[in-house]
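Trainee: Could you take me through the aromatic side chains in this one, close up? I'd also like to hear about any charged pairing.

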Amino acid sequence: ILAGHLASALDMEDEINNSVYKDYLDEKNWPNDIEPEIFKTITQFLGTLIEDTQKHRKIIAVLIEKYGSDD
């Protein structure tokens, strides 16, 4: 059961990082009239969230390595 939960957590982190945040980094996904300074601020915050998500992924990977086997 624990291995399944950890795998699900890893999948969620991947989904957030590879889909949600990266989609918002693409200026084409924003209104055409967004001010450049606003977009720059948004991408800076998203960069922080992406870095945090990568840290979360590493933590979960360590937990999987340590506790993820069914042995």
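Mentor: Sure, and keep in mind that we're looking at a predicted model. Start with the rings: there are 2 aromatic pairs. One of them joins Tyr24 and Trp30, with 5.8 Å from centre to centre and 55° between the planes. That angle makes the pair tilted, because edge-to-face needs planes over 60 degrees apart and stacked needs them under 30. Trp30 also pairs with Phe39, and here the planes sit at 75°, so this pair is edge-to-face, with the ring centres 6.5 Å apart. Put together, Tyr24, Trp30 and Phe39 make up one aromatic cluster.

Now look at how much of each ring residue is open to solvent. Tyr24 is partly exposed at 42% relative accessible area, and Trp30 is partly exposed too, at 22%. Phe39 has 12% relative accessibility and therefore counts as buried, the cut-off being under 20%.

On to the charges. The count is 1 salt bridge, and the partners are Asp14 and Arg57, whose side chains meet at 2.5 Å, N to O. This pair ties together distant parts of the chain: Asp14 belongs to helix H1 (residues 2-25) and Arg57 to helix H2 (residues 36-67), 43 residues apart. As for exposure, Asp14 comes out at 22% relative accessibility, so it's partly exposed. Arg57, at 35%, is partly exposed as well.

Technical notes. Residues numbered from 1 in each chain as written. Predicted model: local features only at pLDDT ≥ 70, side-chain atom pairs only at ≥ 80, totals over all residues. Heavy atoms only, no water. Phe/Tyr/Trp six-rings, centres within 6.5 Å; stacked < 30°, edge-to-face > 60°. Buried < 20%, exposed > 50% of the residue type's maximum accessible area, 1.4 Å probe, protein only. Salt bridge = Lys/Arg side-chain N within 4 Å of Asp/Glu carboxyl O. Helix = DSSP H or I, 4+ residues; strand = E, 2+ residues; numbered from the N terminus.
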